[in-house]
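Morning, everyone. I have one structure to walk you through today, so let's put it on the screen.

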Amino acid sequence: MSQTKMPQTGQMAPEFTLPATTGDSISLSQLRGRATVVLYFYPKADTPGCTTEACGFRDALADYTEAEILVFGISPDPIAEVRKFADKFHLNFPLLADADHSVCEQYGVWGKKQMAGKEYMGVGRTTFVIDRNGLVAKVFEKVKPDGHDREVLEWIEGQ
């Protein structure tokens, strides 16, 4: 997808700091040692597939919290669009804005896409599970939005 190789299982997850819908900035290093982290990359706020995926995580958040798992969604949208999306759908976990898509590039999810015969640059829907030590535990590529929240939770619980 991207020119940067996607981090693989067992590798250290790339560090980042991004603005969040909470009003704070979130750094991956802040989370190390606290919990397992689910980072899901989605193409665009308030589009049908991204809404389905976000609402799935929203509805399953109690199960994630109980399992000491933190969930974050990342898109290349500006923070204002991400906040609007989070407010509209009452999302109960932070969304992070990667407006210059630098974090998407670090994670290897930014690249050429095609729709209706047109090529453009965008995010490939991908989820990373990062363990408490900051290592990539699992990569879900070419994610289907419906039911993805359950797929991730079931994988984590099966470990």
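First, a caution: this is a predicted model.

Let's start with strands six and seven. Strand β6 covers residues 110-115, and strand β7 covers residues 118-123. The two pair in the antiparallel sense, over 6 bridges. Find M115 on your screen. Across from M115, in β7, stands K118. Now look at the turn. The hairpin of β6 and β7 has 2 residues between the strands. A116 takes a positive phi there, near 55 degrees.

Keep that positive phi in mind. Most residues other than glycine have a negative phi. We'll meet further cases later.

Next, strand β8, residues 126-130. How many of the residues of β8 are buried? The count is 5 of 5. So the rest of the structure largely encloses this strand. The cut-off for buried is under 20% relative accessible area. Which way do the residues of β8 point? T126, F128 and I130 point one way. T127 and V129 point the other way. Both sets are buried.

Who are the partners of β8? One is β3, paired in the antiparallel sense over 5 bridges. In that pairing, F41 stands opposite T126 of β8. Another partner is β9, also antiparallel, over 4 bridges. Here F128 stands opposite V139 in β9. So F128 does two things for us: F128 is buried in β8, and F128 faces V139.

Follow the chain between β8 and β9. This hairpin has 5 residues between the strands. G134 sits in the hairpin with a positive phi near 90 degrees.

Back to the positive phi values, outside glycine. Take H90. Its phi is near 50 degrees, and H90 is not a glycine. Where is H90 found? In the loop between α3 and β5, with β5 at residues 95-97. Buried or exposed? H90 counts as exposed, at 63% relative accessibility.

Then K142. The phi of K142 is also positive, near 50 degrees. K142 lies in the loop between β9 and α5. At a relative accessible area of 75%, K142 is exposed. The cut-off for exposed is over 50%.

Now to charges. How many salt bridges does the structure hold? The total is 8. I'll show you some of them.

Start with E81 and K44. Their side chains meet in a salt bridge, 3.4 Å from N to O. The pair links distant parts of the chain. E81 is in helix α3, residues 79-88. K44 is in the loop between β3 and α2. They are 37 residues apart. How open are these two to the surroundings? E81 counts as partly exposed, at 35% relative accessibility. K44 is partly exposed too, with a relative accessible area of 40%. And there is a third member to add. K44, D77 and E81 are linked in a network of salt bridges.

Next pair: K88 and D46. Their side chains meet at 3.0 Å, N to O, in a salt bridge. K88 lies in helix α3 and D46 in the loop between β3 and α2, so this pair ties together parts that are 42 residues apart in sequence. D46 is partly exposed, at 35% relative accessible area.

One more pair: R150 and D149. The closest N and O atoms of this salt bridge are 3.9 Å apart. Which partner is buried, and which is partly exposed? R150 counts as partly exposed, at 35% relative accessibility. D149 counts as buried, at 8%.

Last stop: the surface. E66, E151, E154 and E157 gather there in a patch of negative charge. Which helix gives the largest share of the negative patch? Helix α5, residues 148-157, with 3 residues. One residue in that helix is E157. E157 is exposed, with a relative accessible area of 53%.

Let me recap. Strand β8 is largely enclosed by the rest of the structure, and β8 pairs with β3 and with β9. Helix α3 and the loop between β3 and α2 are tied by K88 and D46 and linked by E81 and K44. The negative patch draws its largest share from helix α5. Thanks, and over to you.

Note on methods: Residues are numbered from 1 along each chain as its sequence is written. This is a predicted model: local features need pLDDT of at least 70, side-chain atom pairs count only at pLDDT 80 or more; totals for chains, interfaces and linings use all residues. Side-chain values use heavy atoms; hydrogens and water are left out. Two strands pair if DSSP finds at least two bridges between them. Patches are made of residues with over 30% relative accessible area and no salt bridge: like charges are joined within 9 Å, nonpolar side chains (Val, Leu, Ile, Met, Phe, Trp, Tyr) within 5 Å. Accessible areas come from the Shrake-Rupley method with a 1.4 Å probe; for residues, only the protein chains shown count as cover. A salt bridge is a side-chain nitrogen of Lys or Arg within 4 Å of a carboxyl oxygen of Asp or Glu. Lys and Arg count as positive and Asp and Glu as negative; His and the chain ends are not counted. The place of a charge is taken as NZ of Lys, CZ of Arg, CG of Asp or CD of Glu. Buried means under 20% relative accessible area, exposed over 50%, partly exposed in between (1.4 Å probe, protein chains only).
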